[in-house]
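Dear colleague,

Please find below the structure that I am handing over to you. My findings follow it.

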Amino acid sequence: MDNAMTIPSQPDLRVALGPLALANPVMTASGTFGYAAEFANLVRLNRLGGVVVKGISLEPRAGNPPPRIFETAAGMLNAIGLENVGVKRFISDKMPHLRTCGCRIVVNILGDSIDDYAALAGHLSAVAGIDALEVNISCPNVKKGGVAFGTAPEMAAAVTRAVKQETDLPVIVKLSPNVTDIVVMARAVAESGADALSLINTLIGMGIDARTRRPRLANVIGGLSGPAIKPVALRMVWQVASAVSIPIIGIGGIGTAEDAIEFLLAGATAVQVGTANFYNPGATEQIIDGIADYLRQQGESSVQAIIGGLRLGA
Ligand SMILES: Cc1cc2nc3c(=O)[nH]c(=O)nc-3n(C[C@H](O)[C@H](O)[C@H](O)COP(=O)(O)O)c2cc1C
């Protein structure tokens with residue numbers, strides 16, 4: 001039989017993150033795509049699997065003083081300090097446009113305490129047009145001496161339970177890579193009722209200007225993102241996918257369809273594109289098209305067929 005006849009013309013790109021169905025597996029990563037309106041002239045938003053908005057806190061935050069961004073070899077450091085408009089203005093000023101995007105809207109939330117996360121989940125659950133919450137646990141717990149929620153399994157579990165209790169929306173918990181064993185964190189969160197996991201957030205790094213002998217960021221340390229972190233992210237996604245049964249969103253240095261496909265093969269059900277939006281605003285659409293091309297070339301009729309398809313052994 002002519003091989004061309006067996007290859008589907010339009011592969012099925014649909015995936016499901018537990019209760020959250022996506023038209024395709026490509027989303028934007030929190031903090032790299034604003035509130036979507038900033039990219040409306042650059043990207044056909046209704047083509048995206050989903051948009052994850054900049055992290056939202058109960059009160060507005062000014063963030064850190066500049067300089068807040070520094071380009072590194074194959075990546076960037078940022079210490080934005082979670083600047084955002086706060087939940088009230090997010091709902092009144094940002095949601096009206098987000099409702100018109102024609103793709104899934106995921107709201108990333110952050111807090112200083114478990115009560116903050118619970119209150120945010122409660123507020124946002126009552127808002128039309130939000131499809132899921134993504135819980136950023138890479139934040140210091142002010143009540144526990146500033147230890148990040150995402151580095152202590154019992155705190156990550158407590159945040160997950162508190163958010164789940166306040167909302168019927170699907171809850172995605174976003175893991176920090178700044179831990180000794182990512183699998184311990186993933187298990188703690190999965191066992192506490194998370195519907196999906198996203199990983200990874202940025203790796204903590206720093207830069208120094210040898211000429212001035214000063215740090216590159218006013219905050220001294222910041223989060224490393226971009227192609228430089230991809231191998232670490234891929235390894236963590238693979239380890240977590242082997243250990244938990246809830247779906248995973250792979251994040252970290254994804255800039256091309258090939259990058260995204262590597263994460264899907266490692267076991268991710270979907271991916272988020274972050275830093276690439278800064279140097280190639282069209283990256284997300286190119287990645288969607290590139291995944292479809294790859295599936296056609298491989299003779300696969302759906303993206304589901306390659307998820308977790310990493311070949312091991314001889
Ligand atoms: C400028 C900037 C701001 C970010 N803000 C957030 C945020 O508000 N909440 C969050 O969970 N992650 C935030 N992140 C992390 C990204 O969503 C993503 O996890 C990380 O950058 C790794 O993906 P990438 O290598 O594709 O950028 C931010 C990253 C960058 C570069």
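**The end of helix α5**

Helix α5 is followed by G193, a residue with a positive phi, near 105°. Please note that the model is a predicted one.

At the opposite, N-terminal end of α5, D181 acts as the cap. One of its side-chain oxygens lies 3.0 Å from the backbone nitrogen of V183.

Helix α5 spans residues 182-191, and its buried residues are I182, V183, M185, A186, A188 and V189. An α-helix has 3.6 residues a turn, so residues three or four places apart point the same way. The cover over the buried residues of α5 includes two helices, α4 (153-166) and α6 (230-241), together with the strands β11 (171-174) and β12 (196-199).

**The chain as a whole**

The chain contains nine helices and 18 strands. Its radius of gyration is 19 Å, close to the 20 Å that the globule rule gives for 314 residues, and the chain is therefore as compact as a globular protein of that length. Along the principal axes, the C-alpha atoms fill a box of roughly 65 × 50 × 40 Å.

Of the 314 residues, 52% are buried. Among contacts with a separation of 6 or more, 71% are made by residues 24 or more positions apart.

As to the surface, the chain exposes about 13700 Å², of which carbon and sulfur atoms supply 52%. The chain carries 25 positive and 26 negative charges, and the mean positions of these two sets are 6 Å apart.

Yours sincerely

Conventions
Residues are numbered from 1 along each chain as its sequence is written. This is a predicted model: local features need pLDDT of at least 70, side-chain atom pairs count only at pLDDT 80 or more; totals for chains, interfaces and linings use all residues. Side-chain values use heavy atoms; hydrogens and water are left out. Helices (H or I, at least four residues) and strands (E, at least two) are DSSP runs, numbered from the N terminus. The radius of gyration is taken over C-alpha atoms; the globule rule is 2.2 Å times the number of residues to the power 0.38. Buried means under 20% relative accessible area, exposed over 50%, partly exposed in between (1.4 Å probe, protein chains only). Contact means heavy atoms within 4.5 Å. Accessible areas come from the Shrake-Rupley method with a 1.4 Å probe; for residues, only the protein chains shown count as cover. Lys and Arg count as positive and Asp and Glu as negative; His and the chain ends are not counted. The place of a charge is taken as NZ of Lys, CZ of Arg, CG of Asp or CD of Glu. A polar contact is a pair of N or O atoms within 3.5 Å; within protein, one must be able to donate a hydrogen and the other to accept it, and residues adjacent in sequence count only if both atoms are side-chain atoms.
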